[in-house]
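Work through the exercises below with the sequence and the structure open. Each task is followed by a solution in steps.

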Amino acid sequence: MTDVKLVDAPAGYTGEGFFATSLDKIVGLARANSLWPLPFATSCCGIEFMATMASNYDLGRFGAERLSFSPRQADLLMVMGTISKKMGPILKQVYLQMAEPRWVLAVGACATTGGIFDSYSVLQGIDRIIPVDVYVPGCAPRPEQIIEGILRIQDLVKNEPLRRRNSPEYKELLESYGIM
Ligand code: SF4
């Protein structure tokens, strides 16, 4: 008897001794369950992330326990905390150094909208400088909410067509952020 829960197989055709599905779904399944997050934590939301990584919540259960502090070896940028306008270009540089495919999770009110800091020095949401895939509300969001955000990212990763990153729509999105 084991408590380990295996992920469900993607939709496909099964028969005696074989299972067939599309390459997109297999790649999506593998990527979604082996995310390498880069925690870009600047303030209190980062503390909630530490709790999310620790034993009570254990992000390792979702295959995402291997944190990366190098953008070149990360595919999920988790932005947690207040981002000042001075910090904006640095955050954008980190994003640009990540290889495709890459995803972005904005954790908490500050990363999402600037939060309570409606001031001249604070970026009013990181989506002003980089595209965001999933937003986690709250000040601070509890670890359960951060995990929910990871699950929504996993849904996107699982269902992303392999050609999406080469599509005109994706290029248009990047161009709208001045990224060629
Ligand atoms: S959203 Fe709240 S808890 Fe998170 S960084 Fe901003 S002030 Fe801190």
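**Exercise 1: Burial and overall dimensions**

In this predicted model, buried residues make up 29% of the 180 residues in the protein chain.

Task: State what radius of gyration the protein chain has, and set it against the value for a compact globule.

Solution. Start from the chain length, 180 residues. A compact globule with that number of residues would have a radius of gyration near 16 Å. The protein chain has 17 Å, which agrees. Next, take the box along the principal axes: the C-alpha atoms fill roughly 65 × 45 × 25 Å. Finally, look at the contacts with a separation of 6 or more: 77% of them in the protein chain are between residues 24 or more positions apart.

**Exercise 2: Order of the elements**

Task: Count the helices and strands of the protein chain, then write down their order from the N terminus.

Solution. The count gives six helices and six strands. Read from the N terminus, the elements follow the pattern β-β-α-β-α-β-α-β-α-β-α-α.

**Exercise 3: The four-stranded sheet**

Task: Determine the strand order of the open sheet of four strands and find which strands lie at its edges.

Solution. The order is E3-E4-E5-E6, and the pairing is parallel. Strand E3 (37-41) and strand E6 (134-136) each pair on one side only, and these are the edge strands. On average, neighbouring strands of this sheet are turned by 20° against each other, direction ignored.

Now take one pair in detail. E3 and strand E4 (residues 76-80) run parallel and are joined by five bridges. Phenylalanine 40 has valine 79 in E4 as its bridge partner.

Then add the helix. H2 lies across E3, E4 and strand E5 (103-107). The angle at which H2 runs to E3 is about 145°.

**Exercise 4: The shell around the ligand**

Task: List the residues that surround the ligand, assign them to helices where possible, and sort them by character.

Solution. The surrounding residues are Ser43, Cys44, Cys45, Gly81, Thr82, Gly108, Ala109, Cys110, Gly115, Cys139 and Ala140.

For the assignment, two helices each supply at least two residues of this shell: helix H2 (44-53) and helix H4 (108-113). H4 gives the largest share, three residues. H2, which supplies part of the shell, is also the helix that lies across E3, E4 and E5.

For the character, the shell divides into six nonpolar and five polar residues. No charged residue is part of the shell around the ligand.

Notes: Residues are numbered from 1 along each chain as its sequence is written. This is a predicted model: local features need pLDDT of at least 70, side-chain atom pairs count only at pLDDT 80 or more; totals for chains, interfaces and linings use all residues. A residue is near a molecule or strand if its C-beta atom, placed from the backbone, lies within 6 Å of it. Ala, Val, Leu, Ile, Met, Phe, Trp, Tyr, Cys and Pro count as nonpolar, Asp, Glu, Lys and Arg as charged, and the others, Gly among them, as polar. The radius of gyration is taken over C-alpha atoms; the globule rule is 2.2 Å times the number of residues to the power 0.38. A residue is buried if 20 or more other C-beta atoms lie within 10 Å of its own, exposed if 12 or fewer, and partly exposed in between; C-beta atoms are placed from the backbone. Two residues are in contact if their C-beta atoms, placed from the backbone, lie within 7 Å. Two strands pair if DSSP finds at least two bridges between them. Axes are lines fitted to C-alpha atoms, for helices over the stretch in contact, and angles run from 0 to 180 degrees between N-to-C directions.
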